[in-house]
Amino acid sequence: GENIVAYFLASAFDDADQGITHVIRGEDLFDFTPIQVILQRLFDLPTPVYHHHPLIRDEAGKRLAKRDDARALSK
């Protein structure tokens, strides 16, 4: 919806403002990257190099994420 487009638009301008050259994110966000690239091109902003890594999962296959209060990999 509108919120996700606003997020991508803000991210495109924020990345450009901060001089971000490389973005590393989980493969679960792979499908959203083209949206950001389109917005960057529409506004003549630089496009960082994107890398999408496999997600780290627990024994049950659930992804480890801060928002889910996942445990640390090591202590």
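**Figure 1. Accessible surface and overall make-up of the protein chain.** In this predicted model, the protein chain has an accessible surface of about 6,000 Å². Carbon and sulfur atoms account for 56% of that surface. The chain has 75 residues, and 24% of them are buried. Two helices and two strands constitute its secondary structure, and their order from the N terminus is α-β-α-β. When contacts between residues at least 6 apart in sequence are considered, 59% of them join residues at least 24 apart.

**Figure 2. The paired strands β1 and β2 and the unit to which they belong.** Strand β1 comprises residues 22-26 and is joined to β2 by five bridges. The two strands run parallel. At one position of this pairing, Gly-26 stands opposite His-53 of β2. Together with helix α2, the strands β1 and β2 form a β-α-β unit that is right-handed.

**Figure 3. The two faces of strand β2.** One face of β2 is covered and consists of Tyr-50 and His-52. The other face is uncovered and carries Val-49, His-51 and His-53. The last of these, His-53, is the residue that Gly-26 faces across the strand pair.

**Figure 4. Surroundings of Thr-33 in helix α2.** Thr-33 belongs to helix α2. Its relative accessibility is 7%, below the 20% limit, so Thr-33 counts as buried. With neighbours within four places in sequence left aside, Thr-33 is in contact with Arg-25, Tyr-50 and His-52. Two of these partners, Tyr-50 and His-52, form the covered face of β2.

**Figure 5. The aromatic cluster of Tyr-7, Phe-8 and Phe-32.** The structure contains three aromatic pairs. In one of them, the ring centres of Tyr-7 and Phe-8 are 5.5 Å apart and the ring planes meet at 65°, so the arrangement is edge-to-face. The two partners differ in exposure: Tyr-7 is exposed, at 51% relative accessibility, whereas Phe-8 is buried, at 5%. Tyr-7 and Phe-8 form one aromatic cluster with Phe-32.

**Figure 6. The aromatic pair of Phe-13 and Phe-43.** The rings of Phe-13 and Phe-43 are also arranged edge-to-face, with 5.2 Å from centre to centre and 65° between the planes. Phe-13 is part of helix α1 (residues 2-18), while Phe-43 lies in the loop that connects α2 (33-42) with β2 (49-53). The pair therefore ties together parts of the chain that are 30 residues apart in sequence. Both residues are partly exposed, Phe-13 at 38% relative accessibility and Phe-43 with a relative accessible area of 43%.

**Figure 7. Pro-46 in the loop between α2 and β2.** The loop that holds Phe-43 also includes Pro-46. Pro-46 has a relative accessible area of 53% and is exposed. Not counting residues up to four places away in sequence, Pro-46 touches Ala-16 and Gln-40. A separation of 8.7 Å is found between the C-alpha atoms of Pro-46 and Ala-12, two residues that are 34 apart along the chain.

Notes:
Residues are numbered from 1 along each chain as its sequence is written. This is a predicted model: local features need pLDDT of at least 70, side-chain atom pairs count only at pLDDT 80 or more; totals for chains, interfaces and linings use all residues. Side-chain values use heavy atoms; hydrogens and water are left out. Helices (H or I, at least four residues) and strands (E, at least two) are DSSP runs, numbered from the N terminus. Buried means under 20% relative accessible area, exposed over 50%, partly exposed in between (1.4 Å probe, protein chains only). Contact means heavy atoms within 4.5 Å. Accessible areas come from the Shrake-Rupley method with a 1.4 Å probe; for residues, only the protein chains shown count as cover. Rings of Phe, Tyr and Trp (its six-membered ring) pair if their centres lie within 6.5 Å; planes under 30 degrees apart count as stacked, over 60 as edge-to-face and the rest as tilted. Two strands pair if DSSP finds at least two bridges between them. A crossover is right-handed if, with the strands pointing away from the viewer, the path from the first strand over the helix to the second runs clockwise.
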